[in-house]
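Please read the points below with the structure open beside you, and find each residue on screen before moving to the next point.

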Amino acid sequence: MKTLIIGETTNNELSSGTLEIVSKAIDLNLDFKVITVGNSDPSNIGSNDFSNIYFKLNTNKLNLSNCADEIKTFIEKNEIKLVLSNSSYIGRDIIAFLSIDFNTSPVSNVTNFEISNNELTTINLINGGESEYKATITSDVKLLLVRPKSFEQKEIPLTDNFETNIITDNENSIDVFDIHIEENTGPQLEDSKIVISAGRGMVDVENLTMINELAEKLNAAIGGTRAIVDAGWMPYSQQVGQTGKTVKPDVYIACGISGATQHQVGMKDSKFIIAINKDEEAPIFQISDLGIVGDTLTVIPKLIENL
């Protein structure tokens, strides 16, 4: 099945979400090409093993519609039957344009897919991750939005072997007057080997200073539950869970988090889960590898003291 992967860049490199999908395509031995969309000047996003074309956008314009038009032409010219994209802002926008172009419904939040006898079956998690839902996709061009961290990322050698296509503006382009870049310090949440997340059990926003101190000691990224994001303690970009980000670190430390299903969906596949909560009946203990029953405001300082 001829496949197109719509990729993105982060800090002038292929994003982890893109590399996860490429890894899956390699595992399935798919005949695939990559189109990477961005507005910077990356260097090593190409490969000697697959084709990658960089669609460079104008930093002063929003012109994803024109980008999608060129991707549509590429799909038709190369007889692409399957389009895979990370479920990001750019990916969702482009897939939405393509769904209109090809008169087909995209499948979002895909956690896995199978191809047998040229038939595609998608797999989604439902009921807060407790059940799987399978669907057979019969449209001519199949559009899938993949949930981050669904596939294992392999070591993929990258080179400067890629083409660049400058996306020109059209009548639908929108002027960009200001760009706000959220300041991030320390490891990125999606890619860190250690993630420390805070919940309502931290009691007060001021107590997050000890989370920051522990994270600095462990070189960890910081996340949080929807409850504390809604309370304004953390920005949405740090939210872990069904309506936030999905993380899959080597170690996940849940501090004062009860572990509702909506949160578990975003972190339950972590390799080793440590939970700190004073409620011994908290659901988070059901999926943790190590549980500490105690007040987080007492336990965390002890951890910091001994590191």
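## Notes on a predicted model

1. F151 is buried, with a relative accessible area of 7%. Please keep in mind throughout that the model is a predicted one, and that a residue counts as buried when its relative accessible area is under 20%. The partner of F151 is F113, and the two form an aromatic pair of the edge-to-face kind, with 6.0 Å from centre to centre and 80° between the planes. F113 lies in strand 7 (residues 107–116), while F151 belongs to the loop between strand 10 and strand 11, so the pair ties together parts that are 38 residues apart in sequence. F113 counts as buried too, because its relative accessibility is 1%.

2. The ring of F113 has a further neighbour that deserves a look, since the charged end of K24 sits over this ring, 5.7 Å from its centre. A second arrangement of this kind involves R200, whose charged end sits over the ring of W233 at 5.5 Å from the centre of that ring.

3. How many aromatic pairs does the structure hold? There are three aromatic pairs, and one of them is formed by Y54 and F162, which meet edge-to-face with 6.4 Å from centre to centre and 85° between the planes. This pair links distant parts of the chain, because Y54 is in strand 4 (residues 51–56) and F162 is in the loop between strand 10 (142–146) and strand 11 (163–166), 108 residues apart. Y54 counts as buried at 2% relative accessibility, and F162 is buried with a relative accessible area of 19%, a value to be read against the cut-off of under 20%.

4. Strand 1 (residues 2–10) is largely enclosed by the rest of the structure, because seven of its nine residues are buried. Which strands does strand 1 join by bridges, and in which sense do they run? Seven bridges join strand 1 to strand 3 (residues 31–38), and these two strands run parallel; as a place to begin tracing, K2 has D31 as its bridge partner in strand 3. Strand 1 also runs parallel to strand 6 (residues 82–86), to which four bridges join it, and here T3 stands opposite L82.

5. The pairing of strand 1 with strand 2 (residues 13–14) is antiparallel and rests on two bridges, with L14 in strand 2 as the bridge partner of T9. Strand 1 and strand 2 form a hairpin with two residues between the strands, and in this hairpin N11 takes a positive phi near 55°.

6. Strand 16 (residues 272–277) can be read in a similar manner, for five of its six residues are buried, so this strand is largely enclosed by the rest of the structure. Strand 15 (residues 251–255) pairs with strand 16 in the parallel sense over five bridges, and the bridge partner of Y252 in strand 16 is I273. Strand 16 pairs in the parallel sense with strand 17 (residues 290–293) as well, over four bridges, and in that pairing I274 stands opposite L290 in strand 17.

7. Turning to open space, the second largest pocket holds about 800 Å³ and is lined by 31 residues, of which S16, L19, K149, Q153 and D191 lie nearest its centre. Strand 2 and helix 1 (16–27) each supply at least two residues of this lining, and helix 1 gives the most, with three residues. What classes of residue make up the lining of the second largest pocket? Nine are nonpolar, ten are polar and twelve are charged.

8. The structure also holds one cavity of 30 Å³ or more, and the space in the largest cavity is about 40 Å³. The cavity is lined by K149, T246, V247, K248, V265, G266, M267, K268 and D269, a lining that by class has three nonpolar, two polar and four charged residues. K149 deserves a second look, as this residue is among those nearest the centre of the second largest pocket and also lines the largest cavity.

Key:
Residues are numbered from 1 along each chain as its sequence is written. This is a predicted model: local features need pLDDT of at least 70, side-chain atom pairs count only at pLDDT 80 or more; totals for chains, interfaces and linings use all residues. Side-chain values use heavy atoms; hydrogens and water are left out. Rings of Phe, Tyr and Trp (its six-membered ring) pair if their centres lie within 6.5 Å; planes under 30 degrees apart count as stacked, over 60 as edge-to-face and the rest as tilted. Buried means under 20% relative accessible area, exposed over 50%, partly exposed in between (1.4 Å probe, protein chains only). A charge sits over a ring if NZ of Lys or CZ of Arg is within 6 Å of the ring centre and within 35 degrees of the ring normal. Two strands pair if DSSP finds at least two bridges between them. On a 1 Å grid over the protein atoms alone, a cavity is a set of points where a 1.4 Å probe fits but cannot get out, and a pocket is an open set with protein on both sides within 12 Å along at least five of seven lines; lining residues have an atom within 4 Å of a point. Grid points are joined across faces, edges and corners, and a volume is the space filled by probe spheres set on the points. Ala, Val, Leu, Ile, Met, Phe, Trp, Tyr, Cys and Pro count as nonpolar, Asp, Glu, Lys and Arg as charged, and the others, Gly among them, as polar.
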